[in-house]
Amino acid sequence: MSDARPVFRRVPADMFAFTTTERADLHTAVMQVFGEAAERLRAVLTFDEVLAGLPEIGWYEPVSDESLEYTLGALHKHGLIERTQNHAAHYASAAEYERRNLHYALSRKGEAAYQGVLHAIGRLEESGALQTAVLDAIAARLGELDLLLTDESADDRRVHAALAELEGHLQGLRSGVVRFHGDLQSLLRDEGADAATFQEVKQATIAYLTDFVTDLDARRHTIADAVARIDRHGVAALHARALRGADLPTLPGQADPAPRFLEQRAARWTGLRDWFLPADGARARADDLADMARRAIVELMRALERLSESRRRGSGTASDFRTLARWFSAAETDEAAHELWAAATGLWSARHTHLAPDDPTAVGPGTSWFAAPGVHVSPLLRTHGQSDRAARTARVRDTTEIREQRRQRAQRERLELEEAWSRLATPGPVRLSSFARLDQGSFSRLLELLARALTVPARGGERRASTADGRLVVTLLPPPDHHLAYLRTARGVLVAPDFIVSISESRPGQAAPVPLRPDFRREATA
């Protein structure tokens, strides 16, 4: 099926009815016997062969002849098994005729039902994943198709095989994304798991999503570029060669399979374009996938933050009051309850307020308030409820000068970057050794350009990449000899192959080279 134009197809009501009856286990086991026999190219089975095949697929319970006859009859009634008579054989007795005269085989409907059950079981046992290896496989198959379409003498069977593998990888990508999204939503809703396990799983998922999003952008552009090259060759020509390579048989009484084959190929190619290079200029589904992964990272981070906060705060206000209420209910006397109240709230008698005498040690804690000396009380406390006059609010800090300093620093950094780019621009292809002595800033920019070019797959020996802002384009060719380049800086000497390097400004309308993932610069420098 294609994800481009989903079409509703009616399924026969009794196609999977054998899995819902009281004898569903035996019905399914018999279907599996026929399926296993078909894989061994044994399309027709007798009654005794079906009975003997049950233990081979793991059914060890005794099955009576009546039960097996009922099952075969029910499957035949649903149209899943075809039943024929063999009049050419010789039978020694009437009993032998009864058991061996009828031959059973899976019908087309039965084959579809059996494969549907296997597919459903497989989907229940699988777990979703976002695999960059699938993206690499899609890019590899597109590159192979590009080469095969360029070579008119290439075998059409290779074209068909490469296209089939491409469609299989795309289906695997779609299925993995759907299952992973469902598993991810279940993980976000799961709050009842063990706290340590919950935190460990979510941290691992965050790391997994981060790595996938980091690699997705570069791979998406690579696949989109390959799809564009195939479109220039002509998708109709691709499908025509795949049809010739498929060598589809035309059986008597059946329609020509070629139109259906071409229709499926066109729909699945449209689905591939929807993922990476939509023809109508709409948003690619790969971009939606990246947004989904980024949102999931944020939600998982918030869930981990809530978990950490709840573990730090062992008790809340509500639990404190419930504990205090249990203590009050357990108090034996009113005096004990009063002491508990005073200890919990701090509401002692008046002389135990925040106003204390000048020398607190002069009055013991057991002194009665009647015998204790008086404490000076500010008139403001009686009139305004404050012991001292409130001070003025501090002035708001003026950040104009700080903003101006930051703006000037940003301008200086931009000018330094512009000067570095202008110093590195070349009049044409030059040797890497021509950059013999560079200041540290220009040397760092040169390393960045080389790192971006080296991460792009070579096309005819040439590698092209651009800066992050797309202003400069660097072209890298392998050295024609075994000479080495020595680039000297204040921090040391870099020894590298003496590449042929061309650095120039990007021209309007020029195809944008494939960008580099953010962390490659650190790996290349290391």
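Is Trp-275 buried or exposed? Trp-275 is buried, at 7% relative accessibility. Before I go on, a caveat: this is a predicted model.

Stay with Trp-275 for a moment. Its neighbour Phe-276 is buried too, at 1% relative accessibility. The aromatic search returns a count of one pair. That pair is Trp-275 with Phe-276, ring centres 6.4 Å apart. The planes meet at 40°, so the pair is tilted. Why tilted, and neither stacked nor edge-to-face? Because stacked needs planes under 30 degrees apart and edge-to-face needs over 60. The 40° of Trp-275 and Phe-276 gives the tilted label.

Now the salt bridges. How many are there in the whole structure? The search finds 19. I will walk through three pairs and a network.

First on my list, Arg-268 and Glu-167. They form a salt bridge, with the closest N and O atoms 3.2 Å apart. This pair links distant parts of the chain. Arg-268 belongs to helix α10, residues 257–276. Glu-167 belongs to helix α7, residues 156–189. The separation along the chain is 101 residues. What about exposure? Arg-268 is partly exposed, with a relative accessible area of 25%. Glu-167 counts as buried, at 15%. The cut-off for buried is under 20%, so Glu-167 falls inside it.

Next, a pair within helix α10. Arg-260 and Glu-263 form a salt bridge, closest N to O at 3.6 Å. Why can these two be about one helical turn apart? Because they are three residues apart in helix α10. Arg-260 is partly exposed, at 36% relative accessibility. Glu-263 is partly exposed as well, with 47%.

Then Asp-498 and Arg-431. Their side chains meet in a salt bridge, 3.5 Å from N to O. Again, the pair links distant parts of the chain, 67 residues apart. Asp-498 sits in the loop between β8 (492–497) and β9 (500–505). Arg-431 is in strand β4, residues 430–431. Asp-498 is buried, at 5% relative accessible area. Arg-431 counts as partly exposed, at 24%.

And the network. Asp-146, Asp-225, Arg-229 and Arg-459 are joined into one network by salt bridges that share partners.

On to charges over rings. Which ring does the charged end of Arg-23 sit over? The ring of Tyr-70, at 4.3 Å from its centre. Arg-265 lies over the face of Phe-261, and here the distance to the ring centre is 4.6 Å.

Last topic, empty space. Rolling a probe the size of a water molecule over the atoms shows where such space is left. How many cavities of 30 Å³ or more turn up? The count is one. The largest cavity has a volume of about 50 Å³.

Who lines the largest cavity? Leu-163, Leu-166, Glu-167, Leu-170, His-239, Arg-265, Arg-268, Trp-269 and Leu-272. Two elements, α7 and α10, give two or more residues to that lining. By class, the lining has five nonpolar, one polar and three charged residues.

Some names come back here. Glu-167 and Arg-268 are among the lining residues, and they are salt-bridge partners. Arg-265 is in the lining too, and Arg-265 is the residue over the face of Phe-261.

That is the tour. I am happy to take comments.

Key:
Residues are numbered from 1 along each chain as its sequence is written. This is a predicted model: local features need pLDDT of at least 70, side-chain atom pairs count only at pLDDT 80 or more; totals for chains, interfaces and linings use all residues. Side-chain values use heavy atoms; hydrogens and water are left out. A salt bridge is a side-chain nitrogen of Lys or Arg within 4 Å of a carboxyl oxygen of Asp or Glu. Helices (H or I, at least four residues) and strands (E, at least two) are DSSP runs, numbered from the N terminus. Buried means under 20% relative accessible area, exposed over 50%, partly exposed in between (1.4 Å probe, protein chains only). Rings of Phe, Tyr and Trp (its six-membered ring) pair if their centres lie within 6.5 Å; planes under 30 degrees apart count as stacked, over 60 as edge-to-face and the rest as tilted. A charge sits over a ring if NZ of Lys or CZ of Arg is within 6 Å of the ring centre and within 35 degrees of the ring normal. On a 1 Å grid over the protein atoms alone, a cavity is a set of points where a 1.4 Å probe fits but cannot get out, and a pocket is an open set with protein on both sides within 12 Å along at least five of seven lines; lining residues have an atom within 4 Å of a point. Grid points are joined across faces, edges and corners, and a volume is the space filled by probe spheres set on the points. Ala, Val, Leu, Ile, Met, Phe, Trp, Tyr, Cys and Pro count as nonpolar, Asp, Glu, Lys and Arg as charged, and the others, Gly among them, as polar.
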